[in-house]
Amino acid sequence: MTSTSTPPGLARFNALEEHAAHAALHEVCASTAWAKRLLATRPHATAEDLYAASDAAMAELTAADLDEAMAGHPPIGRPKPGDPTSAREQRGMAGASEALKAELLELNLAYQERFGHVFLICATGRTGEQMRDALRERIGNTPEREREIVRTELGKINRIRLARLLEEEA
């Protein structure tokens, strides 16, 4: 038997005033266009509906929208001080050696020089070595290919963050 009631976290999100909902979405993704698209599709009946709306909004982002979204992410290996979200997502770097941290810094700088933006990867569940290896691999991509990978990685991050938003207590 399936329930037709909306899960409590989603019902809470659906009921937020627009300003508060926009602020909550901005914590998930720094793209204003993405947040506006999700706000326009409220209310969501299920978490999957919300995730699908997120995916659709991500697919429609322009290059400038992607730049805005990426600006909300710190470099891998350097979570924002005092930001529990980036610290949690980059947990795989917590026990990294100084050599690995230095290598990631060097690779991050080379990546930013090549592509003009931060290296973005869904770091949740990845070790420092896995992130380094992905960075090494992706630095050889064309800018066009890298943009599409970034879009995919942002989509993964957004889904994880939306799930956490829906799990938060009132």
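A salt bridge is taken here as a side-chain nitrogen of Lys or Arg within 4 Å of a carboxyl oxygen of Asp or Glu. By this criterion, 11 salt bridges are counted. The structure is a predicted model, in which local features need pLDDT of at least 70 and side-chain atom pairs count only at pLDDT 80 or more, while totals for chains, interfaces and linings use all residues. Residues are numbered from 1 along each chain as its sequence is written, and side-chain values use heavy atoms, with hydrogens and water left out.

A good place to begin is the pair formed by R136 and E103, whose side chains meet in a salt bridge at 2.2 Å, N to O. Because R136 sits in helix α8 (residues 128-138) and E103 in helix α7 (residues 98-115), this pair ties together parts that are 33 residues apart in sequence. Helices, for this purpose, are DSSP runs of H or I with at least four residues, numbered from the N terminus. Accessibility can be added to the picture, with buried meaning under 20% relative accessible area, exposed over 50%, and partly exposed in between (1.4 Å probe, protein chains only). On this scale R136 is partly exposed at 41%, and E103 is likewise partly exposed at 25%. The two residues also belong to a network of salt bridges that links E103, R132, D133 and R136.

The pair of E146 and R138 offers another case to look at. Their salt bridge has its closest N and O atoms 2.4 Å apart. Here E146 is buried, with a relative accessibility of 0%, and R138 is buried as well, at 6%.

Within helix α9 (residues 143-167), E153 and K156 are 3 residues apart, which means that about one helical turn separates them. These two residues form a salt bridge in which the closest N and O atoms are 3.1 Å apart. The partners fall into separate accessibility classes: E153 is buried at 7% relative accessible area, whereas K156 is partly exposed at 38%. As a general point, side chains of opposite charge can pair when their charged atoms come close.

Attention can finally turn to a loop residue. T62 is found in the loop between α4 (47-60) and α5 (63-70), and T62 is partly exposed, with a relative accessible area of 41%. Between T62 and A33 the C-alpha to C-alpha distance is 9.0 Å, and the two residues are 29 residues apart in sequence.

Note on methods:
Helices (H or I, at least four residues) and strands (E, at least two) are DSSP runs, numbered from the N terminus.
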